[in-house]
Amino acid sequence: VTLGPLTNIATACALDAKFSQNVKRIVMMGGTVNGTGNKAPAAEANIHNDPEAAKIVFNSFSNITMAGLNVTHQVPLSEEFR
């Protein structure tokens, strides 16, 4: 489960050629589906902060579940949880 840029996952892929074969699934908070970003007009921060790492991860893993910025906007938090 990733909650920030994908730098560490991409580094693990670079250090161990079999790393992606040993990981069953990547669940990430990052990206955007509707094209609206929070770092740039069409870029979400976790991807924008290390786009090279994101490219490596998306090219290395076939089973990725992405919770994009659009999902975080659909789940409101009450003041109690902020």
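A word on "cover" before we start: two residues are in contact when heavy atoms lie within 4.5 Å of each other. Keep that in mind as we walk through this model, which is predicted.

Let's begin with the overall layout. The chain has 82 residues, of which 28% count as buried. It holds 5 helices and 2 strands, and from the N terminus on these elements run α-α-β-α-α-β-α. Taken along the principal axes, the C-alpha atoms fill a box of roughly 45 × 25 × 20 Å. Among contacts between residues at least 6 apart in sequence, 67% join residues at least 24 apart.

Now turn to α1, which spans residues 7-15. Which of its residues are buried? I9, A10 and C13 are. These three sit on the same side of α1, because they cover an arc of only 100 degrees around the axis. The general geometry helps here: an α-helix has 3.6 residues a turn, so residues three or four places apart point the same way. On the other side of α1 you will find N8, A14 and L15, which are exposed.

What covers the buried residues of α1? The cover includes α2 (19-22), β1 (26-29) and α4 (51-60).

That brings us to β1, where the side chains alternate. I26 and M28 point to one face and are buried, while V27 and M29 point to the other face and are not buried. This fits a familiar rule: in a regular strand the side chains alternate between the two faces of the sheet.

β1 also has a partner strand. It pairs in the parallel sense with β2, residues 64-67, over 4 bridges. If you would like a spot to look at on screen, try M28, whose bridge partner in β2 is M66.

Let's finish at the surface. The accessible surface of the chain comes to about 5,700 Å², and 55% of that belongs to carbon and sulfur atoms. One feature to look for is a nonpolar patch formed by V1, L3 and M29, with about 340 Å² of accessible area together. Here M29 turns up again: in β1 this residue points to the face opposite that of I26 and M28. L3, for its part, is found in the segment before α1. Why does L3 count as exposed? Its relative accessibility is 61%, and exposed means over 50%.

Notes:
Residues numbered from 1 in each chain as written. Predicted model: local features only at pLDDT ≥ 70, side-chain atom pairs only at ≥ 80, totals over all residues. Heavy atoms only, no water. Patch = residues over 30% accessible without salt bridge, like charges linked within 9 Å, V, L, I, M, F, W, Y side chains within 5 Å. Areas by Shrake-Rupley, 256 points an atom, 1.4 Å probe, with all protein chains shown as cover. Salt bridge = Lys/Arg side-chain N within 4 Å of Asp/Glu carboxyl O. Buried < 20%, exposed > 50% of the residue type's maximum accessible area, 1.4 Å probe, protein only. Arc of directions from axis to C-beta. Pairing = 2+ DSSP bridges.
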